[in-house]
Amino acid sequence: MIATAVHPRLMRVGGGAVAELADVLKTFGLRRPLVVTDPFMVSSGLVRRCLDPLEAAGIAADVFSDTVPEPTDTVVEAGVARLEGRGYDCLIGFGGGSPIDTAKAMAILAHGRAAGAGQRMRDFKVPVAADAAGLPVIAVPTTAGTGSEATRFTVITDTETDEKMLIAGLGALPLAAIVDYQLTFSVPQRTTADTGIDSLTHALEAYVSKRANPHADSLALSAMHLIGRHLRPAYHQPDNAMAREAMMLGAMQAGLAFSNSSVALVHGMSRPIGAHFHVPHGLSNAMLLPAVTEFGLNDALPRYAEAARAMGVATREDSDSLAGSRLLEELRALNQELGVPTPKDYGIGDNRWEGLLPLMAKQALASGSPANNPRVPTEAEIIELYRRVYA
Ligand code: NAD
């Protein structure tokens, strides 16, 4: 098998790295950034962590802070309109996955529009290869995390169809990433849980994917080792520097892992839940992870067993089938301890849930992600899985 490996050209990783943001820009000869972030980053003052080092280096940065959680095509279009005539030479995505994904999508759409056509975000969704970007993106994550700082993906909701579109290609791969765990101390407990399970899902799905390869495997195993040991401490003790650092590194490695392999059925089924019911991405993954893992367990048992060993919930002496059941126990226990609700407990009414299942199953399959799962589901099996996780 021949695998293609893609990574940002430069990654600066470690506590305090954000102070070197201007240095990273200068390495690439960039001088006129637009910082893409969210309103909370501005109102809380966190955006100063990004702006101060730029100012100190004499780099004048503007800020676009109209991004929304689970970004939409309309926000991306507003961001692209903001670029016109201002001479920016790069975008800095500063925040969780939502601002970073918005910056990536702005860069892709800006290129499409520069080519002359009145293109929309949906013109770039998979299976189109979104390989070109109008501007380079420097990603600075403040959650641990989506791994978006290191992936060749962006996820944008089409507001006309309520579809969470997967957009994939080199155009979505940041030029550089600054991965500084010290930016995550202020992440609220719920978001620490949701983003942490998101990164665990990335690593596990990358590892069991039909597109797994040795390069992505090594990143996925390392990510599962880190996340398996440090997610609970990061959740219970927000100031635990060792846990925050491990989670940030694990999230980045998990991002690299799935970007060089793929995600699978959990993500395929998760995006429609996010789009129709506005459940944060990591949380909808968490709602699905135990049941979807159980669904595919026996079709890739040695891989799932190895994942359990990497996470530290099974040993080398355990048989694959024992390790597989330990993995399921751990995923259920993690959801319990991290307070992950079922869709019903989250407040989603059973009539709306049931009524949307056929459409959600179609959208899940259309995203292509379920085809990478060890056990590829039919539409009816996806509906059955949605029913199983509901209550
Ligand atoms: P987010 O960016 O939506 O942020 C969630 C909340 O946390 C926001 O209110 C934000 O202001 C707050 N927050 C972020 N950092 C903080 C900090 N340091 N301190 C205090 N509050 C902070 O959430 P997310 O889970 O990071 O990103 C989710 C998005 O990422 C979704 O749209 C999802 O589809 C996307 N995603 C993309 C990829 C990819 O490869 N491109 C992978 C996974 C997920």
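Proline 127 lies in the loop between α5 and β5 (137–141). In this predicted model, the peptide bond that joins valine 126 to proline 127 is cis, with omega at about 15 degrees. Most peptide bonds are trans, and most residues other than glycine have a negative phi.

Several residues of the model have a positive phi. The table lists them with their places.

| Residue | Phi | Place |
|---|---|---|
| Glutamate 70 | near 55 degrees | loop between β3 and α4 |
| Glycine 85 | near 70 degrees | following α4 |
| Histidine 278 | about 55 degrees | loop between α9 (265–277) and α10 (281–296) |

Glutamate 70 is a residue other than glycine, and histidine 278 is not a glycine either. Is histidine 278 buried or exposed? Its relative accessibility is 59%, and the cut-off for an exposed residue is over 50%; histidine 278 therefore counts as exposed.

Helix α4 spans residues 73–83, and its buried residues are Asp73, Val75, Val76, Gly79, Val80 and Leu83. Because these residues cover an arc of only 160 degrees around the axis, they lie on the same side of α4. Which elements do the buried residues of α4 pack against? They pack against the strands β2 (33–36), β3 (62–64), β4 (90–95) and β6 (153–158), and against helix α5 (97–114).

A further helix contact involves α6 (residues 189–208) and α9, whose axes come within 9 Å and cross at roughly 140 degrees. This angle makes α6 oblique to α9. From α6, the contact is made by Asp198, Thr201, His202 and Glu205, while α9 contributes Leu265, Val266 and His267. By type, the residues of this contact comprise two nonpolar, three polar and two charged.

The structure also holds five aromatic pairs. A pair of aromatic rings is described by the distance of the centres and the angle of the planes. For tryptophan 353 and tyrosine 386, the ring centres are 5.8 Å apart and the planes stand at 90 degrees, so this pair is edge-to-face. Tryptophan 353 belongs to helix α13 (residues 350–366) and tyrosine 386 to helix α14 (residues 379–390); the two are 33 residues apart, and their pair links distant parts of the chain. Both tryptophan 353 and tyrosine 386 are buried. Which residues do ring pairs link into a cluster? The cluster consists of Phe277, Trp353, Tyr386 and Tyr390.

Note on methods: Residues numbered from 1 in each chain as written. Predicted model: local features only at pLDDT ≥ 70, side-chain atom pairs only at ≥ 80, totals over all residues. Heavy atoms only, no water. Buried < 20%, exposed > 50% of the residue type's maximum accessible area, 1.4 Å probe, protein only. Helix = DSSP H or I, 4+ residues; strand = E, 2+ residues; numbered from the N terminus. Arc of directions from axis to C-beta. Contact = heavy atoms within 4.5 Å. Axes fitted to C-alpha atoms, helices over the stretch in contact; angles between N-to-C directions. Parallel < 35°, antiparallel > 145°, perpendicular 65-115°, else oblique. Nonpolar A, V, L, I, M, F, W, Y, C, P; charged D, E, K, R; others polar. Phe/Tyr/Trp six-rings, centres within 6.5 Å; stacked < 30°, edge-to-face > 60°.
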